[in-house]
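Ready for a few exercises? Have a go at each task yourself before you read the solution.

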Amino acid sequence: TEQYKVEVKIRPYGEDLRLWLDYPDYTGIEDTPKEKPKTTGSVQVPQGTLIRFVATTNNPLKRAQLRGEGIECIDGVDSWGPEDFDQTGRIFEGTFVAKKSCHYVFELIDADGFDNYTNHKPVTYNLRVVHDRPPSIKIMKPARNVMMTPEAVLPLEIKMRDEYGIKDAVLKFFKTKESEEFKV
């Protein structure tokens, strides 16, 4: 029989994905250090976190697209062409802002026109966005209404909690039947 040469082409896929997380200032969480990126694409972050990434693929690319599954969950650059890849055609980078929880994928088309999504499901990453809840405040003392003289000192015990900490608190109160506001 005749001999045939068969060349097997491997679909493009992501070999490496590194993430750096820049958290919103109000959280007080330190950003990911440049020298210690996250090496998984699945992350849990506060809403508004800026996610910077560098992706490396097995084949030189013609195009890459970032797609969030579901309602718009990311803001930022979501498509890359030949001018956006490094000289090997295998590395690209970008940023996006986490808006809502979703799954996201990188759809890749290599230089030969093969893709990672036709009749195939690309690697899916999970983006879990945690919404900032309001702080909880509980007045421990006094436990009920108290009658006092104008010169008396009112003992207060207040417990406050917030998942990102409390930077500042202000107690506002009003005299009964008067509109004058006092701050402590």
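**Exercise 1: Into the core**

In this predicted model, find the residues that L127 touches, leaving out those up to four places away in sequence.

Solution. Start at L127 and list its contacts: V43, V45, I51, C73, I74, F96, A98, K100, S101, C102 and Y104. Next, look at the largest nonpolar core, which has 26 residues. L127 is among the members that touch the most other members, along with F53, F92, Y104 and F106. Now trace where the core comes from: β1, β2 (43-46), β3, β4 (61-69), β7 (91-98), β8 and β9 (124-130) each put in at least two residues. The largest share, 4 residues, belongs to β8.

**Exercise 2: Neighbours of a strand**

Work out which residues stand opposite A64 in β8 and in β6.

Solution. Take β8 to begin with: β4 pairs with β8 in the antiparallel sense, over 8 bridges. Within β8, A64 has L108 as its bridge partner. Then turn to β6 (residues 79-80), which pairs with β4 over 2 bridges, again antiparallel. There, W80 stands opposite A64.

**Exercise 3: Round the pocket**

Describe the lining of the second largest pocket.

Solution. Begin with the volume, about 240 Å³. The lining has 20 residues, and Y13, G14, L108, V123 and Y125 lie nearest the centre of the pocket. The elements giving two or more residues are β1 (14-22), β3 (50-57) and β8 (102-110). β1 gives the most, with 4 residues. Finally, sort the lining by type: 11 nonpolar, 5 polar and 4 charged.

How values were computed: Residues are numbered from 1 along each chain as its sequence is written. This is a predicted model: local features need pLDDT of at least 70, side-chain atom pairs count only at pLDDT 80 or more; totals for chains, interfaces and linings use all residues. Side-chain values use heavy atoms; hydrogens and water are left out. On a 1 Å grid over the protein atoms alone, a cavity is a set of points where a 1.4 Å probe fits but cannot get out, and a pocket is an open set with protein on both sides within 12 Å along at least five of seven lines; lining residues have an atom within 4 Å of a point. Grid points are joined across faces, edges and corners, and a volume is the space filled by probe spheres set on the points. Ala, Val, Leu, Ile, Met, Phe, Trp, Tyr, Cys and Pro count as nonpolar, Asp, Glu, Lys and Arg as charged, and the others, Gly among them, as polar. A nonpolar core is a set of buried Ala, Val, Leu, Ile, Met, Phe, Trp, Tyr and Cys residues joined through side-chain atoms within 4.5 Å. Buried means under 20% relative accessible area, exposed over 50%, partly exposed in between (1.4 Å probe, protein chains only). Contact means heavy atoms within 4.5 Å. Two strands pair if DSSP finds at least two bridges between them.
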